[in-house]
Amino acid sequence: MTMNASLLPLLLPMSAFALAASISPGPVNIVCLSSGTHYPISQGLVFVTGATLGFIALFLGIGAGLYSLLQVVPLLEDILRWAGILFLLYLSYQLFQHDGRLHEQGAEKAPGFMSGAMMQWLNPKAWLASAAGIGAYTSGDAPYQLWLFAGLYLPICWLSLASWVYAGAFLKRYVHRPSILLTVNRLLAACLAASAIYLLIE
C-alpha cells in the first residue's frame, strides 16, 4: 500500500474532528462573534488568523512532545490553567464594560493577532483537544500524519472561526440601538466568564 493510499481513510475523520473542534462554541468563537459585532470584519479576521496559527503551532508542538512535558511537570499545567482563567476573565470584563455603541473608527481596540494566538496557548481545552486528536488519528512512527492533520486543520479552523466573525457582522445589522448591543455584550461577557468558571471547577 502506498503512502497516498494509506492517507485516504484518514482524511474524512481528521477533517470531521477538526471541524467539530473548531466551529463548536468556545471562548475563541465568542471573541470572534464579539469582534464581528463591534469592529470591521478585517479586524476580526486578523484575530482569526492569529488564533488559527497559534493553534497550529500549539498542535505541532504537542505532536512534538509538549503535552508530555505537562504530564511530567504538573505545575506547568496549573500555571496554564490559571493564566487561561485570568485571561478569559479579563476579556469578559472588557466586553462587559463596553458602552453598547458601535465605534467604526475604534478598530485599534479590537482583539488582534497576538490576542488570538495567546488565547489558544492559554486554553487547556485546546491542549486537550490537540492531544486527543493526535492520539486518535496519528502514529508516532508516521510523522507525516501529524503534518497532514495540521494541514487539514489550518483552513478548517480559519474558516470556522471566520464564520463566527461574519455571524457577528450579520448580527450587527440588528443591534444599531445601544441598548440592544449592550444586552448582547453582557450575554457574551457572561459566556466568557462561564468558560473561565468551568475551567476553575473542572
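**Exercise 1. Aromatic pairs**

Task: State how many aromatic pairs a search of the whole structure finds, then describe the pair of Phe17 and Phe149.

Solution.
- Step 1. The search of the whole structure, a predicted model, finds nine aromatic pairs.
- Step 2. In one of them, Phe17 and Phe149 sit 6.0 Å apart, centre to centre, with 65° between the planes. Planes over 60 degrees apart count as edge-to-face, so this pair is edge-to-face.
- Step 3. Place the partners. Phe17 belongs to helix H1 and Phe149 to helix H8 (residues 143-172). They are 132 residues apart, so the pair links distant parts of the chain.
- Step 4. Check exposure. Phe17 is partly exposed, at 22% relative accessible area. Phe149 is buried, at 0%.

**Exercise 2. A tilted pair and a cluster**

Task: Classify the pair of Phe55 and Tyr153, and name the residues that ring pairs link into a cluster.

Solution.
- Step 1. The centres of Phe55 and Tyr153 are 4.8 Å apart, and the planes make 55°. Planes under 30 degrees apart would be stacked, and over 60 edge-to-face. This pair is therefore tilted.
- Step 2. Phe55 lies in helix H3 and Tyr153 in helix H8, 98 residues apart. This pair also links distant parts of the chain.
- Step 3. Phe55 and Tyr153 are both buried.
- Step 4. Ring pairs join Phe17, Phe55, Phe59, Tyr137, Phe149 and Tyr153 into a cluster.

**Exercise 3. The cysteines**

Task: Explain why Cys32 and Cys157 are not bonded.

Solution.
- Step 1. Count the disulfides: the structure holds zero.
- Step 2. Take the distance. The cysteine sulfur closest to that of Cys32 is in Cys157, 8.6 Å away. A disulfide needs the sulfur atoms within 2.5 Å. The gap is too far for a bond, which is why none is found here.
- Step 3. Look from the other side. Cys157 is in no disulfide, and its nearest cysteine sulfur is that of Cys32.
- Step 4. Add exposure. Cys32 is buried at 0% relative accessible area, and Cys157 is buried at 3%.

**Exercise 4. Ser130 among aromatic neighbours**

Task: Locate Ser130, decide whether Ser130 is buried or exposed, and list its contacts.

Solution.
- Step 1. Ser130 is in helix H7 (residues 124-137).
- Step 2. Its relative accessibility is 0%. Buried means under 20%, so Ser130 counts as buried.
- Step 3. The Ser130 side chain reaches the backbone oxygen of Ala126 at 2.8 Å.
- Step 4. Beyond its neighbours within four places in sequence, Ser130 contacts Phe55, Phe59 and Ile62. Phe55 and Phe59 are members of the ring cluster.

**Exercise 5. Leu10**

Task: Find what Leu10 touches outside its sequence neighbourhood.

Solution.
- Step 1. Leu10 is placed in helix H1 (residues 3-23).
- Step 2. With 16% relative accessibility, Leu10 counts as buried.
- Step 3. Set aside residues up to four places away in sequence. Leu10 then touches Tyr137 and Gln145.
- Step 4. Compare sequence and space. Leu10 and Thr138 are 128 residues apart in sequence, while their C-alpha atoms are 9.0 Å apart.

**Exercise 6. The nonpolar core**

Task: Give the number of residues in the largest nonpolar core, and identify the helices that each supply at least two of them.

Solution.
- Step 1. The largest nonpolar core has 40 residues.
- Step 2. Val28, Cys32, Val48, Phe59, Tyr153 and Leu161 have the most contacts inside it.
- Step 3. H1, helix H2 (27-38), H3, H7, H8 and helix H9 (178-201) each supply at least two core residues. H8 gives the most, with 12 residues.
- Step 4. Take Val48 as a sample. Leaving aside neighbours within four places, Val48 contacts Cys32, Trp158, Leu161, Ala162 and Val165.
- Step 5. Set this in context. In soluble globular proteins, nonpolar side chains tend to be buried together.

**Exercise 7. The whole chain and its confidence**

Task: Summarise the elements of the protein, its burial and its mean pLDDT.

Solution.
- Step 1. The protein has nine helices and zero strands.
- Step 2. Of its 202 residues, 46% are buried.
- Step 3. Take the contacts with a separation of 6 or more. Residues 24 or more positions apart account for 89% of them.
- Step 4. The average pLDDT is 79, and 77% of the residues score at least 70.
- Step 5. Among the elements, helix H3 (residues 41-63) has the highest mean pLDDT, 94, and helix H4 (residues 66-72) the lowest, 68.
- Step 6. Where pLDDT is low, the predicted coordinates should not be read in detail.

Methods:
Residues are numbered from 1 along each chain as its sequence is written. This is a predicted model: local features need pLDDT of at least 70, side-chain atom pairs count only at pLDDT 80 or more; totals for chains, interfaces and linings use all residues. Side-chain values use heavy atoms; hydrogens and water are left out. Buried means under 20% relative accessible area, exposed over 50%, partly exposed in between (1.4 Å probe, protein chains only). pLDDT is the predictor's confidence in each residue, from 0 to 100. Helices (H or I, at least four residues) and strands (E, at least two) are DSSP runs, numbered from the N terminus. Contact means heavy atoms within 4.5 Å. Rings of Phe, Tyr and Trp (its six-membered ring) pair if their centres lie within 6.5 Å; planes under 30 degrees apart count as stacked, over 60 as edge-to-face and the rest as tilted. A polar contact is a pair of N or O atoms within 3.5 Å; within protein, one must be able to donate a hydrogen and the other to accept it, and residues adjacent in sequence count only if both atoms are side-chain atoms. A nonpolar core is a set of buried Ala, Val, Leu, Ile, Met, Phe, Trp, Tyr and Cys residues joined through side-chain atoms within 4.5 Å.
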